[in-house]
Amino acid sequence: MDTRKNHPETLVAQALGWVDDATRAITPPIHVSSTYLRDPDNQYRSGRVYARADNPAFDQAEAVINALEGGHQALLFASGMAAATAVFQALAPGDHVLAPKVMYWSLRNWLMTFATHWGLQVELIDMSSPAAVQAALRPGKTKLVWVETPANPLWTLTDIAATAQAAHAAGALLAVDSTVATPVLTQPLALGADIVMHAATKYLNGHSDLIAGALVTRADGELWQRVRKIRAQLGGTLGSFEAWLLLRGLRTLHLRVHAASASAQRIAEHFSTDPRVLDVLYPGLPGFPGHALARSQMQGGFGGMLSLRVRGGEQAAVDVAARTRLWKRATSLGGVESLIEHRASIEGVGTPAPSDLLRLSVGIEHVDDLIADLDQALPAATAVD
Ligand SMILES: *Cc1c(COP(=O)(O)O)cnc(C)c1O
C-alpha cells in the first residue's frame, strides 16, 4: 500500500495493506516460535535467531505505529514502562536529564529512585514554561529532555517544537510520551522530537485487555542502537498474542480517539458551568491555560482525558466516584469504556494532583449517558455552599 497517498485512517484500518504471502490471509497469523532454524552452513539466512531479540509477531504492529508517527523505526515493548525506561537506560551514568514535574506517576517514581541510584542526574521542571526549560538545560551535559503532553493528570501542555529547538541547541535529544495525545491528534516527530513513546496499553490498543509499550525514532543513531540492545538483552519484550491483539485494536484507533475526544469536549463544556464542580481541566476549554498551544499543536480534537475538581474537597470527590454507575472506578485510560479515578489517592505523597481531583478517561459510550451518570453522582445542588 502506498503510505504517501492514503490517509492514516486507511493505512491503519488495513494494517498497511498486509496480506499473508503463504495463505492470502488478510489478518496475520500469531507467530509463537521462540527460536528459528539455522541453515546447514551455520548461517541464519532468515535474519531471525531468537524471539527475545526479534519476533515476526511484532512486524506489522511496529510498521503501523511507525507509519502513524512518520518515523524511521518503531519497537514494541512489554509495557509502556519498559519502553520509557529503555530510553533512560540508554543514557550513561552522570548524564543530566530534564523531566516534567507533572507526568505519569510510575515513571516519575522510577526516575527519582532507580534512575537516580543508577547515576542519572534527573531534574524535574515546569515543562509548560519554555523559560524554565531554557534555564535548566546544561549544554553538553543535558542528554535528554522528556516531555509528556498533555500531561497526567492536570493535562498540562508542553510546546514540542520550542522544546525540541532548545534541547537540540544544548546538544540534547527530545523524547515525548504521546500516550494521551495519540498519533491521531499530535505528531511529535514532525514537530522536532527525536523519540516518541506510547503506553500502547492505552489508546493504541484501546480495549483494556493488554499491557504494551512502543518507541518510535525519527532517525537511527547511537542512542537508538542502545535502545534496541536494551530490549533484546534486558528482555522487556512483548508476547506474540499481545502483539497480535494490539494490531487488531490499532485498526480502529482513529474512530475511537475521535469519538472519545468529541465526548470529552462535550463533558468538559457541560460541567464547566456546574456549581458543584470547582474546575474542569481540559485542553479543549478556551479558559484552560494551555488551550492556545493545544489548538496549534493538536489536530482534530483535544483527547479523551479530562479532570474534574469537585467542590467540597477530597471526601466529596471520592464520594462522587463511589456513586457512578456507568463510569468504572479504575486506573488506566484509553479504553472503549469510561473510567473514573481519584488520582491523589493512587499517586500518594508528593503528587501534584489536588485532593479533590477526579481523572476521567472518556470511552466511546453515548455521551449523554456519561453526562447523566456524572450528574447523578455529583452531590445534590442544595448541599453546595
Ligand atoms: C500508562 C502510562 C504509562 C505506562 O504504561 P504501562 O503500559 O502501564 O507500563 C506511561 N505514560 C503514560 C502517559 C501512561 O498513561
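A crossing of two helices is called right-handed if the near helix is turned clockwise from the far one by less than a right angle. Keep that in mind for the first view of this predicted model.

**View 1. Helices H10 and H14 cross in a right-handed sense.** Here helix H10 (residues 253-271) meets helix H14 (residues 367-377), with axes that come within 10 Å and cross at roughly 35°. From H10, look for Ser 263, Arg 266, Ile 267, His 270 and Phe 271. H14 answers with Val 367, Asp 368, Leu 370, Ile 371, Leu 374 and Asp 375. By character, the residues of this contact are 6 nonpolar, 2 polar and 3 charged.

**View 2. An open sheet of 5 strands has mixed pairing.** Follow the strands in the order E8-E9-E12-E11-E10. At the edges stand E8 (277-281) and E10 (328-329); each has a single partner strand, so one side of each lacks a neighbour in the sheet. Within the sheet, E11 (residues 339-342) and E12 (residues 357-361) pair antiparallel over 4 bridges. One pair to find is Ile 340 with its bridge partner in E12, Leu 360. Helix H10 also appears here, packing on the sheet where it touches E8 and E9 (305-310), and its direction makes about 20° with that of E9.

**View 3. Ala 232 of helix H8 is in contact with Arg 52 and Ala 53.** Helix H8 spans residues 222-234. Ala 232 counts as buried because its relative accessibility is 17%, and the cut-off for buried is under 20%. Ala 53 is 179 residues away along the chain, yet its C-alpha atom and that of Ala 232 are separated by 4.2 Å.

Technical notes: Residues numbered from 1 in each chain as written. Predicted model: local features only at pLDDT ≥ 70, side-chain atom pairs only at ≥ 80, totals over all residues. Heavy atoms only, no water. Helix = DSSP H or I, 4+ residues; strand = E, 2+ residues; numbered from the N terminus. Buried < 20%, exposed > 50% of the residue type's maximum accessible area, 1.4 Å probe, protein only. Contact = heavy atoms within 4.5 Å. Axes fitted to C-alpha atoms, helices over the stretch in contact; angles between N-to-C directions. Nonpolar A, V, L, I, M, F, W, Y, C, P; charged D, E, K, R; others polar. Pairing = 2+ DSSP bridges.
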